[in-house]
Every structure is written in structure tokens, then in C-alpha cells.
Amino acid sequence: LIAVCCFRWPIANAIGEGIEQHPEYVLWIAWILAFDTMSAIPFAKLRIEERPLKFAAIKLSNILIVIVLNVFFLSICPKLVAANSQGLISHIYSEETGVGYVLVANMLASAASFLLLTPQFRFKLRFDRKLLRTILNYSFPILVVGIFGMIVQDMDKILLPKLSPADDPMSETGLYGVAYKLAVLLNVFAMAFRYSYEPYFFKQKGTKEDAQINALIMKYFITFGLLIFLTISLFLELLIELHIIPAGYSGAFPIVPVILMGNLFMGVFYTLSRWYKKSDRTWWGAGFAIVGAIISQTLNVLLIPIYGLTAAAWSFLVSWLCMMLLSWSFERKYYRMRYPLRRIGGYFVLAMGVFFVSRFASPDVIWLRLTFNAALLALFISIIWFFERKELLKV
């Protein structure tokens, strides 16, 4: 934070794209990252102490503050200033800041979360070299996983406008961004699952029953992920019919299922991280992430100039698929987890069958097509329920 405060001008100039006129944007982003970083350990403490209500309340308050402040700064303030240019609002609101108020809203929300977490800050200022070395040996590879995972997840959005063969690369980048937003539900599902699952598996004792439970959890994680994949993929056109998004964005629809499946593979990869975290082999995770980043960027650089946003989406999927398969293959060697692969594979094939039947055999009339897709989704759920009802009711 101190470094960014001192060098915000050269950082803004290096970014360019108009940011050089707003070095305060860089500073606000640094404050957001600082507050979020300092909040990470208290949030982890709440998870390990199994206090989900307080955890959820602070997270939801953060979201609520962001929404309220965005509406206030971007919608209400301009109207109030236009109605009374000499009023109180005119002294705290500046049109020149513009979209920067999105950053201000996030910064204030992160600061509020940090303040709400202050009761969790209980520590002694004592330096322990041995403990620090243990922490770094274990957690630095996980940091590498996070960094290279973000490269796989976000670098395509940076490369697409620079490499796209389209006449209007920024328009294509906008479509790609819409596709990502439509696929975000599966990502949110995976993230929420990780928040609740990680404290659980760290408390396990490695018994046979625990192994069975972990296999069960993986099966249902993938099953519910496939259900989300189908629900979004089969009803994308409904978003236009309900005027949730403009019809002009329908060009993003073909790649949404690809990104959805990539998000599912990403969720499985992070769920598999249990084995190298529990066995203190976190460097394996770093290696998988580095390989995934290399695959991702190689495919992006080679294929985006030819296929545009479609190549970016498939690069995302292939990278996470490779990382997932690498982690699973090494888990079999070191952790010897046995998943119900036949059942999982069967559900995956079933989901793909439903998807392709919908894609190539559905009626041409929009409402008939949506009804047909609803029947296909109901069939998928019914088959899952037929095979899993006893176990689900028991769970």
C-alpha cells in the first residue's frame, strides 16, 4: 500500500488508457486490496471456528454497501447536482471522477468489512522465525496457485482486444465479458462451496469414513455443477425474451456453455486441492497452476488471432481441464482417493446428451423450444433423483 501511494503517478502512466489522468484510481484500488488482504485471516478464522452466520452477514453487508453506494454515486448524485448545483451534494460529488465512484464504493465497502472484523484481531507482536518458515513453505505455493489461476481466468480478457481478428475488437471483448457474466453462477457456486468445504476437510482425521464422505461430496459437487450448467445453457434465450439483456448480446450465447464447463472444471480442481494441502505437498498445486497458465496463454496467443472470442473460451476450458486431470492423477498416487467415477461419468454423459439434444433437435419456435428444454431438464433431474434419492435423503 505504501509503495503504491508513493508511485501511483508512474503506475497510472504505465497503465495508460486514460488512467494517467486519474492516479487516484490506482490509490483507491490499492486501498481496496489492502483492506481485503487484512480481512482475509479474520474471515478464515470465522470459517475454521464454524461461525457461518457472522461470516455471511459481513460478506452480505459488503455487497449491500457496494450496491447502495453505486446507486447513490452513479444515479442519485448526478440528479441532485443537476437540480441544485449549490447544494450539499455538489461539495462531495464531482462529475470528473465519473466511473471512479465504482472504486470509491468498493473501497468504502471493504473498509466497512475490515472494521466489522476488528474483534477477530487478537495477536501478540512476537517474531517466530521457525513458524514463519513453516508458514511460507506451506502457503507460498498456494499463493502461486492463486496467481497463476488468475492468469488462466483473466488474461484472455486482456489479450482478446489486442489479438482479436474482428473489425471491432472491443465489441467482441464486450460480448466475451457478457458471456462471463452469464456463466458466473457456476463460479459463485464453486466459490461458496470452497468456503464451507475447506474448514471441514482440514478437521478430518483421515479415516475410511472420511474418505467415503469426500468421495460423496465430490460426486454431488459435480452433479449440482452439471445441473447449473444445463439450467443456464438451456434457457439463455429466455433472458432476451424477458428483456433482462438486449438482443444484441445474443452473439455471446454460443460460448457461454464452454465457459460454464470451464468454471466447473475449475471448481473440481480447487476441490481436489484437498490432497496436496492436507499432505503438505502444496508445491504440486503450484506446478499444476503454472502448467495451466502456460497452456492457457499458448492457446490464447496462437488461436485468438484466428478464432477470436471462441478461442479464448476454449483456451479457458482446456486449461482448467488439464489442471484438473493433473491434480486428479497425482491424487491417485499420493492420497488414493476413490471416487464413484462410473456414476460421475454417467451423469456427465447424460448432461452432455441433454445439451446436444437441445442444441440440435429442439423446435424452431422460441416458446416451444423453451418448453422442450424444460422437459429435457426435468428428465435430467428425474434420472438423478431415481439413482440418488436414497442417498440424498440419508444425507
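Where does His-243 lie? The legends below start there and then move through other parts of this predicted model.

**View 1. His-243, a loop residue with a positive phi.**
Welcome to the loop between helix H11 (236-241) and helix H12 (256-272), which is where His-243 lies. Its phi is near 60°, a positive value in a residue other than glycine. Most residues other than glycine have a negative phi. His-243 has a relative accessible area of 71%, and because over 50% counts as exposed, His-243 is exposed.

**View 2. Asp-280, between helix H13 and helix H14.**
Here the loop to look for joins helix H13 (274-278) and helix H14 (282-307), and Asp-280 has its place in this loop. Asp-280 is not a glycine, yet its phi is positive, near 55°. With a relative accessible area of 58%, Asp-280 is exposed.

**View 3. Helix H3 and its bend at Ala-40.**
Follow H3 along residues 23-48 and you pass 26 residues. At 1.5 Å a residue they should span 38 Å, and the end C-alpha atoms are 39 Å apart, so the two values agree. On the way, H3 bends by about 35° at Ala-40. A proline, Pro-42, follows Ala-40 within four residues.

**View 4. Glu-50, just after H3.**
Step off the end of H3 and you meet Glu-50, with a positive phi of about 55°. Glu-50 is placed in the loop between H3 and helix H4 (52-83). Its relative accessibility is 54%, so Glu-50 counts as exposed. For a sense of distance, take Ile-142 as a partner: Glu-50 and Ile-142 are 92 residues apart along the chain, and their C-alpha atoms are separated by 22 Å.

**View 5. Helix H7 and its bend at Asp-154.**
Helix H7 takes in residues 129-163, 35 residues in total. The expected span at 1.5 Å a residue is 51 Å, while the end C-alpha atoms are 47 Å apart, which agrees. H7 bends by about 45° at Asp-154. Which residues of H7 are buried? They are Pro-141, Val-144, Val-145, Gly-149, Val-152, Gln-153, Asp-156, Leu-159 and Leu-160.

**View 6. Thr-173 and the backbone oxygen of Pro-169.**
Thr-173 is found in helix H8, which runs over residues 169-182. The side chain of Thr-173 reaches the backbone oxygen of Pro-169 at 2.8 Å. Is Thr-173 buried or exposed? At 15% relative accessibility, Thr-173 counts as buried, because the cut-off for buried is under 20%.

**View 7. The second largest pocket and its lining.**
This view opens onto a pocket with a volume of about 350 Å³, the second largest. Its lining is made of 14 residues, and those nearest its centre are Ile-222, Val-268, Met-324, Leu-341 and Ile-344. Helix H10 (208-234), H12, helix H15 (309-334) and helix H16 (341-361) each give two or more residues to this lining. By residue type, the lining of the second largest pocket divides into 13 nonpolar, one polar and no charged.

**View 8. Lys-390 in helix H17.**
The last stop is helix H17, residues 366-394, where Lys-390 lies. Lys-390 has a relative accessible area of 68% and is exposed. Leu-186 makes a handy reference point: Lys-390 and Leu-186 are 204 residues apart in sequence, and from C-alpha to C-alpha they are 26 Å apart in space.

Methods
Residues are numbered from 1 along each chain as its sequence is written. This is a predicted model: local features need pLDDT of at least 70, side-chain atom pairs count only at pLDDT 80 or more; totals for chains, interfaces and linings use all residues. Side-chain values use heavy atoms; hydrogens and water are left out. Buried means under 20% relative accessible area, exposed over 50%, partly exposed in between (1.4 Å probe, protein chains only). On a 1 Å grid over the protein atoms alone, a cavity is a set of points where a 1.4 Å probe fits but cannot get out, and a pocket is an open set with protein on both sides within 12 Å along at least five of seven lines; lining residues have an atom within 4 Å of a point. Grid points are joined across faces, edges and corners, and a volume is the space filled by probe spheres set on the points. Ala, Val, Leu, Ile, Met, Phe, Trp, Tyr, Cys and Pro count as nonpolar, Asp, Glu, Lys and Arg as charged, and the others, Gly among them, as polar. The expected span of a helix is 1.5 Å times one less than its number of residues. The bend at a residue is the angle between axes fitted to the seven residues ending there and the seven starting there. A polar contact is a pair of N or O atoms within 3.5 Å; within protein, one must be able to donate a hydrogen and the other to accept it, and residues adjacent in sequence count only if both atoms are side-chain atoms.
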